[in-house]
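Colleague: I would like a close look at one charged pair and at what surrounds it in the fold. Please take it step by step, with cut-offs where a term needs them.

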Amino acid sequence: MTNFFCDTLDYYCLNEHISKSFRYIVHMKDEVDGRVLQDALDVTMTRYPYLKKRIVADERGYYLEDNDLPLVVKESDKPMTLCGKESNYHLFALTYFGKDIFFNNVHAIFDGRGRGPVLHTLMYYYCKLRYNEEIDMPGVYLAGSEIDPAEYFDPFTAPIPQSCGLLPPPEIPSKALRLEEQGLVVRSRQYLHYIRINEKQLMSLCKSSDGTPNTILSLLMSHAIDKLHPQASEPIIGQVYCDYRSVVGAEKSHHNMVTTLPLVYERSMRDMTLDQQNTAMRGNILYLSDPEVLLNTVAGIKAACEAVNSLPALQDKFNAVGQGMQAFFNQTTFAISYSGKKSFGTCDKHIEALFPAGEPIGIGILMEVTAADGWFYVVFMQDWREDIYFNAFLKEIVSLGLDFDLLYSSEAKAPSFSLE
């Protein structure tokens with residue numbers, strides 16, 4: 001059995017209350033062939049033996065051990081239960097229904113970028129077998145190719161590069177505006193809205209107003225919230241997810257390596273033009289993601305992981321991570337995860353859309369964003385059923401002249417977690 005290091009905080013979020021899991025949806029143009037999908041996964045996993053793990057627990061903590069049982073493919077549009085019998089005790093599994101392939105995983109084993117290589121290999125073999133055609137997918141890892149140890153390298157097992165200390169850490173307000181405290185919504189079952197925004201229009205707006213997809217979407221959400229709560233005293237803080245692989249020399253690693261960059265919307269920004277607001281937000285992102293600042297952030301994450309691992313009991317670990325998560329929630333009004341444009345080479349002609357979707361448990365509002373086939377796909381996830389903030393967000397989109405489609409809405413179907 002092995003312990004874990006850079007993934008520590010996410011592993012100890014796995015309990016009966018929080019699964020911290022994700023469901024990545026690949027919406028195909030044709031009905032999914034389950035037999036072919038199983039064959040494709042079987043071939044794929046010959047290339048990724050290091051991902052075949054299970055979690056075991058005792059009174060001291062969680063541990064990982066090898067799991068030789070096959071990865072699961074199941075026809076269903078229902079939430080999958082991971083780490084237990086339904087998934088053969090694996091930390092990820094596939095389900096499919098109609099034209100959708102669902103890649104279900106606990107966040108601890110990999111984040112969006114970490115999932116990328118295995119998902120690309122899977123789609124390579126699925127399309128090759130399903131359509132009996134040669135696939136051109138640059139950079140894909142194929143069965144039989146050499147496995148680089150960098151693919152499973154955990155950077156927290158090695159010294160973190162030292163910051164030169166020239167840039168001070170950012171000052172972040174200890175309390176953000178928390179939406180569930182404003183009286184308009186009641187926390188309940190999580191609900192999701194799937195929309196798409198015209199990519200050409202949004203990128204044109206970014207270019208003309210000194211913005212990026214992250215700053216534009218963050219400002220749209222901040223404007224919507226500010227108009228609903230103009231008298232609120234707490235700042236609106238949008239947390240933007242940031243990959244830190246480059247600063248710790250772990251570009252190829254599957255481990256979860258994301259942190260957040262807090263974008264603070266102060267009421268003093270109301271009188272700024274959109275250009276000025278974007279410039280301010282971009283400046284904040286550039287500063288917070290500067291390698292020197294980011295290294296300090298990562299050093300703090302590593303110290304927290306070491307502290308949790310040193311605790312003597314499983315419940316102590318749960319409690320410590322729970323307190324850390326609550327501190328993060330207190331500094332968060334909403335969060336955005338933008339994973340950029342995805343391409344699966346010549347398989348793209350068989351793919352209609354891509355939707356990364358999780359559950360925002362505790363955050364309030366989480367937007368997962370990706371780009372494909374001329375659209376930005378936004379999964380708007382909320383910790384309540386009421387649509388007041390979602391509708392306000394759509395009004396802001398319209399106010400900027402952006403075309404969008406509401407594709408559908410549903411209850412959250414991210415996988416759950418169970419140790420059996």
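What relative accessible area does Arg-282 have, and is the residue buried or partly exposed?

Modeller: Arg-282 has a relative accessible area of 30% and is partly exposed; buried means under 20%, exposed over 50% and partly exposed in between, with a 1.4 Å probe and protein chains only. This is a predicted model, in which local features need pLDDT of at least 70 and side-chain atom pairs count only at pLDDT 80 or more, while totals for chains, interfaces and linings use all residues. Residues are numbered from 1 along each chain as its sequence is written, and side-chain values use heavy atoms, with hydrogens and water left out.

The partner of Arg-282 is Asp-210: the two form a salt bridge, with the closest N and O atoms 2.5 Å apart. The term requires a side-chain nitrogen of Lys or Arg within 4 Å of a carboxyl oxygen of Asp or Glu. The link joins distant parts of the chain, 72 residues apart, with Arg-282 in helix 7 (residues 274–288) and Asp-210 in the loop between helix 4 (199–208) and helix 5. Helices (H or I, at least four residues) and strands (E, at least two) are DSSP runs, numbered from the N terminus. Asp-210 is partly exposed as well, at 31% relative accessibility. Its backbone also deserves a check: Asp-210 has a positive phi of about 60° although it is not a glycine. Tyr-89 is another non-glycine residue with a positive phi, near 70°; Tyr-89 lies in the loop between strand 5 (81–82) and strand 6 (92–97) and is buried, at 19% relative accessible area.

The loop that holds Asp-210 lies between helix 4 and helix 5, which brings us to the sheet. Here, 7 strands form an open sheet in the order 10-9-11-13-14-8-15, with mixed pairing; two strands pair if DSSP finds at least two bridges between them. Strand 10 (258–265) and strand 15 (404–411) are the edges, each pairing on one side only. On average, neighbouring strands are turned by 20° against each other, direction ignored. Helix 5 (residues 213–228) packs on this sheet, touching strands 8, 9, 10, 11, 13 and 14, and its direction makes about 155° with that of strand 11 (334–341). Contact here means heavy atoms within 4.5 Å; axes are lines fitted to C-alpha atoms, for helices over the stretch in contact, and angles run from 0 to 180 degrees between N-to-C directions.

Of the 16 residues of helix 5, 14 are buried. Its length agrees with expectation: at 1.5 Å a residue the helix should span 22 Å, and its end C-alpha atoms are 23 Å apart. The expected span is 1.5 Å times one less than the number of residues.

Within the sheet, strand 8 (residues 187–198) and strand 14 (residues 375–384) run antiparallel and are joined by 9 bridges. One residue pair to look for is His-193, whose bridge partner in strand 14 is Phe-380.

Aromatic contacts involve these strands too. Rings of Phe, Tyr and Trp (its six-membered ring) pair if their centres lie within 6.5 Å; planes under 30 degrees apart count as stacked, over 60 as edge-to-face and the rest as tilted. The count comes to 20 aromatic pairs. The rings of Tyr-194 and Phe-355 are edge-to-face, because their planes stand at 90°, with centres 5.2 Å apart. Tyr-194 lies in strand 8 and Phe-355 in strand 12, so this pair ties together parts 161 residues apart in sequence. Tyr-194 is buried, with a relative accessible area of 4%, and Phe-355 is buried at 4%.

The structure holds 25 salt bridges. Among them is Asp-243 with Arg-113, at 3.4 Å from N to O. Asp-243 lies in strand 9 and Arg-113 in helix 3 (residues 112–131), so the pair ties together parts 130 residues apart in sequence. Asp-243 is partly exposed at 25%, and Arg-113 is partly exposed at 41%. Both belong to a network of salt bridges that links Asp-111, Arg-113, Asp-243, Arg-245 and Glu-251. Lys-349 and Glu-133 also meet in a salt bridge, at 3.8 Å from N to O. These two lie 216 residues apart, Lys-349 in the loop between strand 11 and strand 12 (351–358) and Glu-133 in the loop between helix 3 and strand 8.
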